[in-house]
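Trainee: I am new to this structure and would like to go through it with you. Please show it first.

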Amino acid sequence: MMGKILITGGAGYIGSHIAHEFSDNDYEVTILDNLSTGNVSLIPKNAHFFQGDFTDHTLLDTIFNDHKIDSVIHCAALIDAAESLVKPIEYYRENSAKTIELIAFCDKKNISKFLLSSTAAVYGNPISILVDEETYCRPVTPYGSSKLMAEQFIGDFSRVTSIKFGILRYFNVVGADPKGRTGQPNANSSSVFSSLCRAALGKQECFTIYGNDYDTPDGTCVRDFVHVSDLANAHRLTLEYLSNEKSPLLMNCGYGHGFSIMQLINTMETVLEKKMSYEFGARRNGDIVQIIACNDKMRKKLNWIPKYDSLNEMMSTALKWEETFYKSNLG
Ligand SMILES: NC(=O)c1ccc[n+]([C@@H]2O[C@H](COP(=O)([O-])OP(=O)(O)OC[C@H]3O[C@@H](n4cnc5c(N)ncnc54)[C@H](O)[C@@H]3O)[C@@H](O)[C@H]2O)c1
């Protein structure tokens with residue numbers, strides 16, 4: 001057995017992929033999730049599952065005592081940047097205040113490592129499109145600010161604790177487990193990829209592109225899309241690397257190149273071999289225009305070699321998931 005890890009939000013989209021990555025590699029996996037957006041059918045069969053809030057101390061006590069947790073991967077969060085503009089209290093409470101409370105609990109339990117799911121949203125609209133970890137952070141939504149606050153707390157706290165912290169700033173996470181065990185559980189996910197898949201499969205009438213007059217090559221936003229299984233692998237490599245590293249270890253996680261929303265549609269048409277129906281809508285508040293990860297740090301430190309860095313691969317795994325999961329679960 002490699003180690004005993006707790007994944008908060010492990011029944012969610014990214015957390016469940018991380019759970020499979022660790023379970024596949026001989027870790028004992030425990031999941032704590034309140035199932036607000038997650039789905040327990042996505043988790044590995046041999047994982048322990050607890051339903052509840054990640055700041056429920058009684059439940060946490062049971063989990064830590066019964067399963068001798070040595071590392072925590074904290075994925076649970078509120079994740080919708082647009083929603084955060086109208087619900088800032090919820091976002092700061094869940095993503096900042098409660099994360100601090102969880103870390104304080106972990107410190108009392110003397111865990112050795114803690115990974116935080118952070119986000120490229122901490123950068124806001126950067127001056128240069130390619131951002132590295134030194135790029136100045138100027139989030140434009142409460143979602144981005146609430147994650148940056150958690151990062152800053154970790155920066156301060158790591159001076160006085162023995163916990164080794166890893167902070168991974170994910171770019172746009174897409175695709176699904178190539179073995180078909182898990183994928184996006186949320187039928188109403190606001191992510192651009194999910195919406196594109198729904199439109200491709202006829203579950204929504206038309207795909208809306210929010211804004212086509214941005215200062216980008218084709219006027220639509222540009223994103224660094226990263227396959228969720230490569231991201232999950234980066235978590236395992238980070239956890240295994242952390243022991244001898246200065247804490248906190250902060251790393252971007254993206255492929256280092258981007259695609260516009262229009263390019264997504266063109267690729268989807270190639271994958272489907274038919275035309276997509278789409279329309280142009282107004283710009284959305286809080287949307288970042290274009291951003292791409294400089295991933296040199298992660299590649300060098302972890303020797304991270306992505307396996308699924310192809311838009312076709314990302315789309316076909318996502319489409320396959322949407323087809324089978326929604327057929328079996330949601331009708
Ligand atoms: N999806 C992306 O592209 C993306 C990009 C950057 C960062 N992230 C970060 O990755 C993490 C996971 O995101 P995701 O896309 O898998 O979202 P998700 O909504 O699928 O997963 C979040 C999980 O956390 C659970 N949860 C939420 N609040 C909880 C609470 N208080 N207690 C216990 N469980 C709770 C939900 O039920 C869900 O299973 C988040 O921290 C998010 O900020 C995601």
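What follows is a set of questions and answers on domains, core, ligand shell and single residues.

Mentor: Before we start, this is a predicted model, in which local features need pLDDT of at least 70, side-chain atom pairs count only at pLDDT 80 or more, and totals for chains, interfaces and linings use all residues. Residues are numbered from 1 along each chain as its sequence is written, and side-chain values use heavy atoms, with hydrogens and water left out.

Trainee: How far apart do the C-alpha centres of domain 1 and domain 2 lie?

Mentor: The bounds come from an automatic or database domain assignment. The chain is divided into domain 1 (4-174 + 225-253) and domain 2 (192-223 + 256-329). In contact (heavy atoms within 4.5 Å) are 36 residues of domain 1 and 30 residues of domain 2. The distance between the two C-alpha centres is 23 Å.

Trainee: Where does the largest nonpolar core lie?

Mentor: A nonpolar core is a set of buried Ala, Val, Leu, Ile, Met, Phe, Trp, Tyr and Cys residues joined through side-chain atoms within 4.5 Å; buried means under 20% relative accessible area, exposed over 50%, and partly exposed in between, with a 1.4 Å probe and protein chains only. The largest such core has 58 residues, and Ile7, Ile18, Val29, Phe193 and Trp304 have the most contacts inside it. Its largest share, six residues, comes from helix H7 (residues 228-241), where helices (H or I, at least four residues) and strands (E, at least two) are DSSP runs numbered from the N terminus. Both domain 1 and domain 2 give residues to this core, so its place is between them.

Trainee: How many residues of helix H6 are buried?

Mentor: Helix H6 covers residues 192-200 and is mostly covered. Its buried residues include Phe193, Leu196 and Arg198. Just after H6, Gly202 has a positive phi of about 75 degrees. For H6 the count of buried residues is eight of nine.

Trainee: Which element gives the most residues to the shell around the ligand?

Mentor: Being near the ligand means having a heavy atom within 4 Å of it. Of the 28 residues around the ligand, Asp33, Thr37, Cys75, Tyr143 and Lys147 come nearest. Two or more residues each come from helix H1 (13-24), helix H4 (88-108), strand E5 (113-119) and helix H5 (142-157). The element that gives the most, with three residues, is E5.

Trainee: What share of the area that the ligand exposes alone does the protein bury?

Mentor: Consider the polar atom pairs to the ligand oxygens. A polar side-chain atom of Lys147 is 2.7 Å from one ligand oxygen atom, while a backbone N or O atom of Ile14 lies 2.8 Å from a ligand oxygen atom. Taken alone, the ligand exposes 820 Å² (Shrake-Rupley method, 1.4 Å probe), and the share buried by the protein is 93%.

Trainee: Which side chain does the side chain of Tyr170 join in a polar contact?

Mentor: Tyr170 lies in strand E7 (residues 164-170) and counts as buried at 6% relative accessibility. Among the residues it touches, leaving aside neighbours within four places in sequence, are Ile14, Cys75, Leu231 and His235. A polar contact is a pair of N or O atoms within 3.5 Å; within protein, one must be able to donate a hydrogen and the other to accept it, and residues adjacent in sequence count only if both atoms are side-chain atoms. At 2.7 Å, the side chain of Tyr170 has such a contact with that of His235.

Trainee: Which residue's backbone oxygen does the side chain of Gln290 reach?

Mentor: Gln290 lies in the loop between strand E14 (278-281) and strand E15 (292-293). With a relative accessible area of 15%, Gln290 is buried. At 3.2 Å, its side chain reaches the backbone oxygen of Asp215.

Trainee: Is Asn110 buried or exposed?

Mentor: Most residues other than glycine have a negative phi. Asn110 has a positive phi of about 55 degrees although it is not a glycine, and its place is the loop between H4 and E5. Its relative accessible area is 62%, so Asn110 is exposed.
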